[in-house]
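Subject: Handing over a structure

Hello,

I am passing a structure on to you, and I thought a short tour might help you find your way around. Please open it first, then read on.

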Amino acid sequence: MAQSYVHPDGGQHECEILGSGPESEESESNWKACEKNPGHEDFISAQDFIDNYMTRVKTDKLRDRLKAMLDLTVRLRVNWTSPSRPDGYIFSHARGRDKLRLGSGLIWGVKDPVSNKPCLCSGCDGKTGIKSWKFKVRTARHVVYDTEEATKTKVDLFYDGYSCKAGDRMVTLRGLEVVRSDPDMDCCYMLCVSHDEALAERIKSASCCLWDRLDENPDLHASDLDFLLSGGRGADHALIVSHPHGQPKKISLGELRDGEPHHAEYNAATCPGSSGASVFRFVTGRVYVSWFLPIHSGSFSTPYTQQPHQLSLLTRFLNKLRGREVRLDQCNYGNWWLL
């Protein structure tokens, strides 16, 4: 069974922790035994989302935006816990051990290729003259703490279904180093590298599509997503793409509000394995993606907590006053990342 870890504020971090058995079997077992979201009815598979939801979006640009959110979301498999994690920090008890944990992340762009510098990947071993593209992956700091952990991290792209295996549709890159980290925002940027030009162009195209300011286009409006992101009066919407329990990519939907400083709260379903996923916020009346996406860190309402978090109760009360319907009995949280 997955272990759970308590956030200092009373919440639960949501990495999936696996034992020594076969990875796929343990992941599937934890998915079936999940107590937070039994049956996972509030998760939509990537293929179902593409086939039955995106086809109902009215504009090509908005469909491309949603597809980019899926393509840029990755699964992280971290096979080491750094001895540098301080006492009391998440997973500090596992320092210097190779216990596998699973999380999620988002590719944050790709740099133009270089061929006149030594390549950092293990296959090149510092050789010069090989064209390479660098990717940055944004995730939670408690998922990947430092460079020592990054080098033991596998980054799985396009793991959209059980048929997506390594060498087929799924692509696996290795982490190289942590290039930026913020403990207060629970955020880090990890560097990866690839020599695959077709992959680099696909990621570059998706990145450009995701960050294009669609709110400047007059024929796009949040009402185009009403069938998908229905919510209460005046509520903003949350869409999360992640790899719960390390399973193929899933989408969950809900409502989002600003919490305490630097926090966002939402009731879109999450599970262990969702840590580090980006929370896409659709502001009422506008269709665009802000650079300041919250990074999913955990949950304030799981079977493991002893008492409901006060903020969760307050959220429910305020939602009732505002005429909002809370569809899920959970309060998840993420940290705003300020550039």
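How many helices and strands does the secondary structure of the protein chain come to? There are 6 helices and 16 strands. Please keep in mind while you look around that this is a predicted model.

**The chain as a whole**

The protein chain has 339 residues, and 55% of them count as buried. Its exposed surface comes to about 14900 Å², of which carbon and sulfur atoms supply 48%. If you take the contacts with a separation of 6 or more, 73% of them are between residues 24 or more positions apart.

**The nonpolar cores**

The largest nonpolar core has 55 residues, and within it F135 and L239 touch the most other members. L239 is a good place to centre your view. Leaving aside residues up to four places away in sequence, L239 touches F49, L66, M69, I251, S252, L253, S278, V279, F280 and F282. Apart from the largest core lies another one, of 9 residues, including L256, A264, Y266 and V279.

**Salt bridges**

Side chains of opposite charge can pair when their charged atoms come close. A search of the whole structure turned up 14 salt bridges, and here are three of them to look at.

One joins the side chains of K36 and E14, at 2.8 Å from N to O. K36 sits in the loop between α1 and β4, while E14 is in the loop between β2 (12-13) and β3 (16-17), so this pair links distant parts of the chain, 22 residues apart. Are these two residues buried or exposed? K36 is buried because its relative accessible area is 14%, under the 20% cut-off. E14 is buried as well, with a relative accessible area of 3%.

Another salt bridge brings together the side chains of R75 and D156, with 2.9 Å from N to O. R75 belongs to strand β5 (residues 73-78) and D156 to strand β8 (residues 153-157), so the pair ties together parts that are 81 residues apart in sequence. Both R75 and D156 are buried. You will also find these two in a network of salt bridges that links E23, R75, R77 and D156.

The third is formed by K204 and D112, whose closest N and O atoms are 3.5 Å apart. Here helix α5 (residues 197-211) holds K204, and D112 lies in the loop between β6 (101-110) and β7 (133-139), so the pair ties together parts that are 92 residues apart in sequence. K204 counts as partly exposed, at 36% relative accessibility, whereas D112 is exposed, with a relative accessible area of 55%.

**Two backbone angles to look at**

Which residue in the loop between α1 (23-33) and β4 (44-45) has a positive phi without being a glycine? H40 does, with a phi near 50°. H40 is buried, its relative accessible area being 5%.

D186 also has a positive phi, of about 50°, although it is not a glycine. You can find D186 in the loop between β9 (171-182) and β10 (187-194). D186 counts as buried because its relative accessible area is 7%, under the 20% cut-off.

Enjoy exploring it!

Best wishes

How values were computed
Residues numbered from 1 in each chain as written. Predicted model: local features only at pLDDT ≥ 70, side-chain atom pairs only at ≥ 80, totals over all residues. Heavy atoms only, no water. Buried < 20%, exposed > 50% of the residue type's maximum accessible area, 1.4 Å probe, protein only. Helix = DSSP H or I, 4+ residues; strand = E, 2+ residues; numbered from the N terminus. Contact = heavy atoms within 4.5 Å. Areas by Shrake-Rupley, 256 points an atom, 1.4 Å probe, with all protein chains shown as cover. Core = buried A, V, L, I, M, F, W, Y, C linked by side-chain atoms within 4.5 Å. Salt bridge = Lys/Arg side-chain N within 4 Å of Asp/Glu carboxyl O.
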